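I opened this notebook to record a survey of aromatic rings and of the charges placed over them. The entries follow the order in which I looked things up.

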Amino acid sequence: MSAPHTLGAQTGLATAERVRRWWWRLNPQRQDRFAVLAPLAAVLLFLAAIVASFGYLRLEEIDREHEAVRRDVEYTQQRLRLRLLERQEQLMRIARDISNQDLEEDEFHQRSETLVNQYPELERVSWIDERRRVKASFAMASLQPNQRLSLPETLKQADTQNIFNLARETQQPVYSQRAASAGSAPFLQLHVPLSNSKGRFVGIVLGEYSLDALYRYGVPSEVSARYAVSLLDDKGIRLAGTTVAARNPATSLLPWVNPINEYDLPVSPVGNGLILKAQAYRTSLGVIGSGLFWLVGMLSFMTAWMLIANWRHTRRRQQAQQALVSETNFRRAMENSMPTGMRAMDLQGRITYVNAAFCQMTGWSESELVGRTAPFPYWPDTDHETLTHVLADELAGKSTPGGVQMRVKRPDRSLFDARLYVSPLIDARGTQTGWMTSMTDITEPNRIREQLSSSFERFTTVLEALDASISVAPLGSDEMLFANKLYRLWFGVEANGHLKLVAQAGMPSQPINDESGDQVDSFAGMPTNVLPDAESENAEVYVSELGLWLEVRSRYLSWVDGRLAQMVIATDITSRRLAEQQASAQAERAQNASRLITMGEMASSVAHELNQPLTAINNYCNGMVSRIRSQQITEQDLLGALEKTARQAQRAGQIIQRIRSFVKRSEPNRTWSLVSDMIDEAVELADIELRRRNVRLSRDVPARVPLLLVDPILIEQVLIILLKNAAEAVDTAQRATSMRRAELRVFPTQVEGADVVEFSVQDSGNGLAPEVLERLYEAFYSTKIDGMGIGLNLCRSIVESHQGRMRAENIYNGVELTGCRFSFWLPVGDAASIGTAQAQTQLKTPG
């Protein structure tokens, strides 16, 4: 921590300590308040301790009761378990004798009778074979027909059949619990499987227990006297025993009502199908029922009420004194919270008062400043003479309305900039007793001002060095707000060049009005917060005076004075335009060269195609000459031969004319073209190569396809290259005659919500390898020995120049590669343009 901050902190702590002592002396009621609150707090703590003690004792009692219930339930469960295991062992002994064929039906009846009569919970013992037929059964004499279903009806039950099957599969004893029904009380079944000497299942010994008898003879009497003991099924339905009466749901929500003390446990070996549950009868009155609790609570409440009444009386008595203290504190707090330093001087220039802000700002304490005369400790040593003259002017009443800026020295000799404002100090009688000075630290504003000045200088330097012309002018005025060096070099300092660029680029502009010379803003009230957020507009214009092509970008902005202005940035793109023109010419030459190369590659096919009509013409002519010489021709035969010769000559001329129009160099010409015409022209030329390679072409072109704004010659060139490549792919694959085919499809579709027409050429060749697909459109890359590698690259360039896209993909039949498909799509124009073009096409079409 620096020395000024340390001194300021120490001064603040000392002041705070003095204020605290003064406040304590001024507020003796604080002692009375603490004296009243201390007994009240003690009473509250005592009451809380009593409540906590009773609560703790009650919790301990509840824990003991829970532990007793758990222990008694576990003891009862063990009694029931041992009783069930003994009956199970006796039934298993009978089952073992039956399996060993040591027990007949009469003996089974006698032993069952002994068990049933000796153990009252066992109601019926039955011997059932593997077909669920009852071989022998004995039931207790007290078992009434209306209390239990007959044994055949019991065996027909789905649950009994499922347990029977489970015992047969597992070869282990299986328990089954049956709930009460219309014709039977709840009971428990034990299925003990029987097996012969070969281990084959031959039936079961079925023991049926009465749950009521099991409850009466299995639950100890001392347990049933203390708890409501019941036997439940897995769904919580009571099968036997008793339960505690349900409480009122409303009273169960009260915090002092104890929950029912209960505990449940599955009865082994039956498992979760039979639950033993015990609920303790309520024997304790609880905490709320204790008279000692209410007595202590009432005494504590009365003591607290008397102490609070005494405290309120003391508080009303001291309100007048508190009002005075509050007013004094408010004035002191307001004075100390001011961020502006305040200094008072008498008429002789002696400091009589400084506030906390002045001390914190200068770093000098109040004792070091009060009573001092010039030169003051916070004056810099080098500014004594200047500040002495300023102080003399202030004491003479010659203060500056805008204040005086000076440097202030702190005790660590660091300096900061400050501005001082001086005004007369007038007392209550209207007499001037001195001068009041307010001081503000302006170091940060000065620093920001210097940074802004430096930033403006750097920004101006950058704009001046840009190779683009930048100008800013307000809308509706010929005033120039800003122009960089390049703009001044091209157009001078006037706004004419700015307005000319805006007009020539076709951007929105405002005419010069009559109000440009007055102080009225003609655009007042316009929403200027919308236009500056809009996207900039671009245009390319040619300025004849400069002989340059310029890219003009315009954007609206709010000027520093709030006016709506337009910024224009003009960049010299002459070299780029020349490069684009050269690239366009080069692309045109490449397209013409590609057509010539395509026809050169098809030269042998074209020659073969021309050879047929020329050979026919030669044969017709030789035949006519021979027959004329031999005078064996009639006039009718001569006319027929001449017509055939004419048709063959016409066919050869059409072939030559199509080749000539295809390879003829012409300027790019985009017109509304019929898809069917472009397909016919392309197929007419490509069909020569297809027939030579014995490839059958199928076409699928709808009757109604939208017109396309394209260069038909270029689109025909793409189709010819794709068809020729398809023929070569089929020929290279050496497919069978029935498989040597290519398909050309045209259909309207949509891509990304836009209407397009898609062309696709599919062959039955060997497809494309993955490494070929990656470099498919790379210039001068070809998989053919004599290929130049510019066909597909040129096709994609032509398609993309028409705002279309091209793609290639392999065709599979399962995992077998059966060919390749090249497709591209071209966008369809708007409805109005298409309708106009169709009308013009119909007018030009004969008929």
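Entry on the cluster. In this predicted model, I found that Phe358, Phe376, Tyr378 and Trp379 are joined into a cluster by ring pairs.

Entry on the overall search. I searched the whole structure for aromatic pairs and obtained 9. I then examined Tyr487 and Phe491, whose ring centres lie 5.2 Å apart with the planes at 45°. I entered this pair as tilted, because an angle that is neither under 30 degrees nor over 60 falls into that class.

Entry on the setting of that pair. I located both Tyr487 and Phe491 in helix H15, which covers residues 485-491. The two residues are 4 apart, about one turn of the helix. I also looked up the accessibility of Tyr487: its relative value is 0%, so I recorded Tyr487 as buried.

Entry on a further pair. I noted that Tyr542 and Trp549 form a tilted aromatic pair, with 5.4 Å from centre to centre and 55° between the planes. I checked the accessibility of each partner. Tyr542 has a relative accessible area of 38% and is therefore partly exposed. Trp549, at 24% relative accessibility, also counts as partly exposed, since the limit for buried is under 20%.

Entry on charges over rings. I returned to Trp549 and found the charged end of Arg577 over its ring, 3.7 Å from the ring centre. I recorded a similar arrangement at Tyr119, where the charged end of Arg87 sits over the ring at 3.4 Å from its centre.

Definitions and conventions
Residues are numbered from 1 along each chain as its sequence is written. This is a predicted model: local features need pLDDT of at least 70, side-chain atom pairs count only at pLDDT 80 or more; totals for chains, interfaces and linings use all residues. Side-chain values use heavy atoms; hydrogens and water are left out. Rings of Phe, Tyr and Trp (its six-membered ring) pair if their centres lie within 6.5 Å; planes under 30 degrees apart count as stacked, over 60 as edge-to-face and the rest as tilted. Buried means under 20% relative accessible area, exposed over 50%, partly exposed in between (1.4 Å probe, protein chains only). A charge sits over a ring if NZ of Lys or CZ of Arg is within 6 Å of the ring centre and within 35 degrees of the ring normal.
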